[in-house]
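Dear colleague,

Please find the structure below, together with its sequence. My notes on what was found in it follow directly after.

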Amino acid sequence: MSAGPESTHVSSLGKGDSLHQQVLASFPLCDMTEEDLTQNPQFCKLLATLAQHVDQTGLTVSLKAELDKAEQKLQTQRCHWLRSESLHRGLQEMIQDHCVRKHHAVVPPDQNMFYETMEKCLLVAQCVRQLDASSTTSQDQPSVLGLNTQQVMELMPLEKNVQRMKQSLPRELEKHLKKKCLNLLSYYQPEWENESEGLKNTKLSHLSVQMDKEKKRAESLRETCRENTILLQRQTQLYLSELIKCIQLLQSLILDHRLKIQTDLDRKKLDYFEGKCELVLQKIKAEMIEIQLDTYTADSISAHRKMREKLELELKAYQVEKQSVELKLASFEILGKEFETLAEEYCRLRQEIEMKNWALKEFTQYNDK
């Protein structure tokens with residue numbers, strides 16, 4: 001029967017897209033999208049009910065109240081500590097400035113006494129704080145160097161010097177703080193550096209307000225930046241999810257298109273390979289014809305060379321025979337009929353030599369062509 005109040009809480013948040021937006025706004029640190037809530041309606045209702053009991057960081061209402069109370073107490077203690085720490089550092093800065101001035105100019109004796117007394121008081125107070133046992137430590141704990149608070153307090157300056165220092169301290173501290181404020185004003189607004197002291201004092205009275213406004217503005221910008229970062233992360237997730245869907249759809253379209261045109265692609269590839277094979281075959285035939293021509297040319301040149309050599313050898317043989325016949329003719333000119341027989345044989349040999357010379361000449365001209 002407890003479902004009634006829960007359903008009342010859920011219905012008070014909204015329905016549909018309004019409910020999803022409110023759930024996402026209630027849990028900004030969770031990595032969720034509207035699609036997740038739509039696919040898991042029961043989980044969405046659970047988160048809507050849980051949003052009535054926790055804040056955006058996941059803390060319950062009671063725990064958030066205790067945390068705020070503890071933070072407020074911590075803030076108060078922090079303010080007290082910062083006040084005392086700022087005062088202590090300001091006094092140390094005054095002492096350091098005095099040491100610097102003392103090395104560069106002559107300082108009056110009363111100022112030397114003032115700063116020496118203040119420095120001793122700060123050192124003694126610091127040592128006493130180190131020796132003072134807190135309530136969380138055991139009282140039997142050994143002291144530092146065997147000293148106690150009373151022994152350290154004996155190192156304090158004379159009482160009259162301390163009183164005189166206390167009387168002058170507010171005035172000197174005010175001068176130091178005013179100087180620091182003017183330096184801060186010159187850094188924050190350099191155009192006021194050359195203005196009169198009255199205008200600077202007027203500006204100083206509003207400096208804290210302006211700094212507070214700047215601080216709040218910076219915090220607001222930081223919060224806006226954080227919200228924009230969360231929004232950007234959500235939008236990036238949505239964009240990536242939509243992009244993945246588009247990629248899947250595109251892949252399916254590409255696959256369908258590829259299956260439809262696969263036949264045309266195969267036919268075009270087949271035609272391409274057939275044409276390529278035909279070109280290769282034609283190239284091979286041309287190369288074979290060229291090789292045959294080269295072989296034939298080489299064989300014909302070799303045959304012609306052999307024939308020429310043969311004709312040259314026969315020509316030399318007939319020339320030798322001619323010379324032999326001429327010698328015989330010269331030796332047998334005195335003979336009658338026998339000389340005629342030799343003359344006829346000489347004419348026959350001469351005709352054969354002329355025929356060989358003609359054949360050799362024709363063969364040489366043919367080879368030159």
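Please bear in mind throughout that this is a predicted model.

I begin with a residue of helix H10, which covers residues 262-331 and contains Lys316. Lys316 has a relative accessible area of 53%, which is over the 50% cut-off and therefore makes this residue exposed. The C-alpha atom of Lys316 is separated by 9.6 Å from that of Ile353, a residue 37 positions away along the chain.

The next point concerns aromatic residues. The structure holds 1 aromatic pair. Its members are Phe114 and Tyr115, in an edge-to-face arrangement with 5.0 Å between the ring centres and 80° between the planes. Phe114 is buried because its relative accessibility of 9% falls under the limit of 20%. Tyr115 is likewise buried, with a relative accessible area of 6%.

Both residues of this pair also take part in a helix packing. Helix H6 (residues 109-131) and H8 have axes that come within 9 Å and cross at roughly 100°. The two helices are therefore roughly perpendicular to each other, since that term applies to angles of 65 to 115 degrees. On the H6 side, the contact is made by Met113, Phe114, Tyr115, Thr117, Met118 and Cys121. H8 contributes Asn161, Val162, Met165, Ser168, Leu169 and Glu172.

Tyr115 leads on to helix H5 (residues 61-104), where His98 is located. Is His98 buried or exposed? With a relative accessibility of 3%, His98 counts as buried. When neighbours within four places in sequence are set aside, the residues in contact with His98 are Val107, Gln111, Asn112 and Tyr115. Tyr115 thus appears in the contacts of His98, in the aromatic pair with Phe114 and in the contact between H6 and H8.

Helix H9 deserves a separate paragraph. H9 runs over residues 197-260, a total of 64 residues. The distance from its first C-alpha to its last is 88 Å, close to the 94 Å expected at 1.5 Å a residue. Where does H9 bend, and by how much? The bend is at His206 and amounts to about 40°. The buried residues in H9 are Lys200, Lys203, Leu204, Leu207 and Ile230. Helix H8 (159-188) is included in what covers these buried residues. H8 therefore features twice in these notes: in the contact with H6 and in the cover over H9.

Yours sincerely

Note on methods
Residues are numbered from 1 along each chain as its sequence is written. This is a predicted model: local features need pLDDT of at least 70, side-chain atom pairs count only at pLDDT 80 or more; totals for chains, interfaces and linings use all residues. Side-chain values use heavy atoms; hydrogens and water are left out. Helices (H or I, at least four residues) and strands (E, at least two) are DSSP runs, numbered from the N terminus. Buried means under 20% relative accessible area, exposed over 50%, partly exposed in between (1.4 Å probe, protein chains only). Rings of Phe, Tyr and Trp (its six-membered ring) pair if their centres lie within 6.5 Å; planes under 30 degrees apart count as stacked, over 60 as edge-to-face and the rest as tilted. The expected span of a helix is 1.5 Å times one less than its number of residues. The bend at a residue is the angle between axes fitted to the seven residues ending there and the seven starting there. Contact means heavy atoms within 4.5 Å. Axes are lines fitted to C-alpha atoms, for helices over the stretch in contact, and angles run from 0 to 180 degrees between N-to-C directions. Angles under 35 degrees count as roughly parallel, over 145 as roughly antiparallel, 65 to 115 as roughly perpendicular and the rest as oblique.
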